[in-house]
Amino acid sequence: MSEFRLGDVIDDHCIKCRRITNHSIVSIVTAKPAKVRCRTCYHDHDFRNGEAPPSKKDLKKAELFKEVLAAAVPGAATEAVPEAEPEASEKPKKAKARGKKA
Ligand SMILES: [Zn+2]
């Protein structure tokens with residue numbers, strides 16, 4: 001509904017300023033801002049709907065999460081010891097009994 005026009009000022013997250021700043025629309029694709037220019041530092045970048053891009057911290061977190069997932073899912077990580085189960089070592093007797101039943 002809202003029509004964007006070149007040169008319009010909109011809020012967006014600037015990587016250089018590392019915060020939400022005023023931006024001018026530089027280019028428009030399918031009625032949406034494609035490129036914007038920070039009006040504080042004049043840095044051009046893709047319009048990101050005012051959302052901050054994933055920081056290095058977030059990327060590292062995602063990486064760690066992937067590793068944990070790979071370790072938790074059998075077969076996902078080939079280097080993981082297949083029969084080692086951390087919960088089984090905590091309660092060896094119960095785990096064994098349950099294992100036989102099932
Ligand atoms: Zn900026």
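Two strands are taken to pair if DSSP finds at least two bridges between them. In this predicted model, strand 2 and strand 3 (residues 32–38) clear that bar, with 6 bridges joining them in an antiparallel arrangement.

Stepping back to the overall layout, the protein has 3 helices and 4 strands. Read from the N terminus, the order is β-β-β-β-α-α-α, so the strands come before the helices under the numbering of DSSP runs from that end.

Strand 2, which covers residues 19–29, also partners strand 1 (residues 9–14); here too the two run antiparallel, and 6 bridges hold the pairing. On the strand 1 side, Asp11 is bridged to Asn22 of strand 2, while Cys14 sits opposite Arg19. The hairpin made by these two strands leaves 4 residues between them, and Arg18 adopts a positive phi near 55°.

Moving along to the other partner of strand 2, His23 faces Cys38 in strand 3. The connection is a hairpin again, this time with 2 residues between the strands. In its turn, Thr30 shows a positive phi of about 45°.

As for the protein as a whole, 8% of its 102 residues count as buried. Turning to contacts, if one takes those between residues at least 6 apart in sequence, 30% of them link residues at least 24 apart.

Methods: Residues numbered from 1 in each chain as written. Predicted model: local features only at pLDDT ≥ 70, side-chain atom pairs only at ≥ 80, totals over all residues. Buried ≥ 20, exposed ≤ 12 C-beta atoms within 10 Å, placed from the backbone. Contact = placed C-beta atoms within 7 Å.
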